[in-house]
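Visitor: Could you take me on a close look at one part of this protein, the place where two domains meet? I'm new to this, so please go step by step.

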Amino acid sequence: MKISLNWLKEYIDINDFTTEELEEMLTQTGLEVEGIEKFETIEGGLEGVVVGEVLTCEKHPDADKLKITTVDIGEEEPSTIVCGAPNVAAGQKVLVATVGTTLYPEGGEPFKIKKAKIRGQESFGMICAEDELGIGHSHDGIMILETELPNGTPASEYLNIKSDQVIEIGLTPNRSDATSHIGVARDIHAVTGNAVKWPETSEFPISSEEAPINVVVENKEACPRYAGITIKNVKVGSSPDWLQNSLLAIGLTPKNNVVDVTNFVLHEMGQPLHAFDASVIAGNEVRVKTLPSNTAFTTLDDVERKLHENDLMICNGNDEGMCIAGVFGGKKSGVSESTDTVFLESAYFNPNYIRSTSQRHLLKTDASFRFERGTDPNICVYALKRAALLISELTGGKITGKTIDIYETPIIPVQIDVKYKNIDRLIGIKIDRNRIKEILNRLEIKVSDETETGFTATVPTYRVDVTREADVIEEIVRIYGLNNIPLNETLSADFLSSFDEKDPGKIYTTTAHYLASLGFHEIMSNSLTKPQYAESVEDLKSEEDVVILNKLSEDLGVMRQTLLFGGLEAIARNQNRKQQNLKLFELGKTYKKTEKGYSEGYKLALFVTGDSKEENWQGKAVQSDFHWLFGKVMTILEKFNFNTITKERISDGILADGLSISVNNKLLVKFGIVKNELTSINEVKIPVWYAEFDWDMMLKLKDNSLKYDEISRFPEVRRDLSLVIDKNISFDDLAATAYKAERKHLKNINVFDVYEGDKIEEGKKAYALSFILENKDKTLTDKMIDQSMNRLIKAFEEENGAYIRK
């Protein structure tokens, strides 16, 4: 939100404060100043341009269209200036850009005036035309002035150029009371005690004449208060300079003297207004109501919108929509040059209605910004009178008839009981009771029913965010100043927070550090992606895409259902820069539309391409493969203490070949090699190994319990077996059989050789397995070892159909 300091000075005296001091003051009260910029009605402020008088004007000896002039610019000696304007002559008052001046011409690039030699003649400045100064479009000749101002007078003084300081405030959502210049002035008053000067409306005419326009509020829940007034015989035209400059300073484009007044009052006191051309109000009646769903309505931006049944509308007597209440005007009801009579609206709309409508139609306006946060219901008529008087003054119109004010159930100020002990406890120090009352009084929070222990605070209706005792205390401390509260040497609190046993941030940091130690780099890709990606994967359904309504482009039209393509884009970018050996990881959300609504969840993705180990003096490069990725996946899973996992070979819409790992039928991760048709979409020309963890499920099933075992004092024993089994039997099948058959002594099982060839039957393969046996209570004897191995052999033969190679 932008606040003009010149404009702000109309309501409170801030002349004793520098801009930096004002910035500090506002930030300390919660109105954080994010920036300060200079505003000038003419860019550059014509600094260095002065009033001059042409003393002599002679033809240039070496150029037919140039003239050599001497110009008095208020210095000791006249300046010699070569000028090409056809209308320059001695005796003229002109505007001169002196050497060193930067000009900002109309429609051109800025340029600096330098001492120059033109056709052999030195020139010290430039006599300017309108377009060269940026104040008009004419380039027919130089500007000739009618003025008695002395030579050397700055052009800014002659042209009445205004400069201003504009502060940008990062307004928090709760501070709807500060969405205006007077709102900011109130906070300055609370700190300094300087009085706030409200605009005068005492000249507003009181009429007994019936209002020309009748108003009916049908939806009183959505519109608790509606006020209006009619102004006849208006002459719509351009606004005066003071009004245009005020709006331009805060980034608004002036329209006309009626619309500009409504915008001025909005930013003056925070009350949105709307001006209707009374000639389009059929039946001379305004109806505040909702219309049936899918009713077509064309807004000021010439877009036809389909209304929702809960969109509050301002309609005419024929129930035709004229304006989306509190959000956006209609194309046909706005004020134009032909408007003769204006109906001016000032209302209080239910924030919930306005917020929903604004979001439904993706319309964010200055009015909706304020209404959806909550405006002051008790300022409607005052703002209406202020605007009506200004419109009457600037257009020559006449305020006609009674002021309409429909306000059946007035909104009353909130009363809150406040205890001094709670003030002291929450702030941390004891503030003088008189100082507390002074602060609240300046905030217009009335103190009543005071006792030694506390008081009742009556909160003005414009402070919609102050509803609890803690809110009142927050108001006290922000004006008292957080910087004025000393910190104890030891900090303490009377609240003990509970912490989740599974800290997601800590768990991810640990995992990320592990991956980084392996040479992985973290990436962060855009969650907005191409619709074509989901269409290219068999397992993803394009109808489950979360579609962006106000999409930036077609390439960013949906939310991602997988992290795969963001990683492939990163790989393609690096590949095009000759980076082939990549290890990347990303933790991010994926999104999906379901029958019940929308779902989102975190995934952890790993991407590996090229060599897992680069060539060095100790050995050749090692290419990335499934087994390398498998080892890293298993290490991550081990950090989560999963006891029993299930592995299954898969081939799905993403992976040409891979493995999935589950716990209790809950999928934790799937990984393998990405299908070529998917990598080719991003023109990735090398194999990509990919793993995708369901991070939410990993956190949910993580076992936080730690078990510690004493290192055995007794030796391990290794025995080997060579088994011939069917090709469809996996090592996991054999491991499961082994641990089931020999629970007591079997510590570990490993495969150290695999053979498939003509030495064994077709459809068979041979596994060479090693077994580590151990007893934690005593040394294993040969007899105990033989018994364990015999149990294993028998189990392999019966469970897996194996036979032992001797």
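Guide: Let's start with a term: a salt bridge is a side-chain nitrogen of Lys or Arg within 4 Å of a carboxyl oxygen of Asp or Glu. Keep that in mind, and remember that we're looking at a predicted model. The chain is split into domains, including domain 1 (2–41 + 163–192) and domain 3 (214–406), and their meeting place is our stop. Notice that domain 1 is written as two stretches of the chain, 2–41 and 163–192. Measuring over C-alpha atoms, the centres of domain 1 and domain 3 are 27 Å apart.

So who touches whom? On one side, 15 residues of domain 1 are in contact, and they meet 16 residues of domain 3. Together the two domains bury about 1300 Å², with 63% of that on carbon and sulfur atoms. Within the area that domain 1 buries here, Trp7, Phe39 and Thr179 supply 41%, more than any other three residues.

Now back to our term. How many salt bridges does the rule find across the interface of domain 1 and domain 3? The count is 0. Polar contacts are another story: 6 residue pairs make them across this interface, both partners at pLDDT 80 or more.

Finally, let's see which elements domain 1 brings along. Strand S1 (2–4), strand S12 (163–170) and helix H5 (181–192) are the ones that each give two or more residues to the side touching domain 3.

Terms used:
Residues are numbered from 1 along each chain as its sequence is written. This is a predicted model: local features need pLDDT of at least 70, side-chain atom pairs count only at pLDDT 80 or more; totals for chains, interfaces and linings use all residues. Side-chain values use heavy atoms; hydrogens and water are left out. Domain bounds come from an automatic or database domain assignment. Contact means heavy atoms within 4.5 Å. Buried area is the accessible area (1.4 Å probe) that two parts lose on being put together, summed over both. A polar contact is a pair of N or O atoms within 3.5 Å; within protein, one must be able to donate a hydrogen and the other to accept it, and residues adjacent in sequence count only if both atoms are side-chain atoms. Helices (H or I, at least four residues) and strands (E, at least two) are DSSP runs, numbered from the N terminus.
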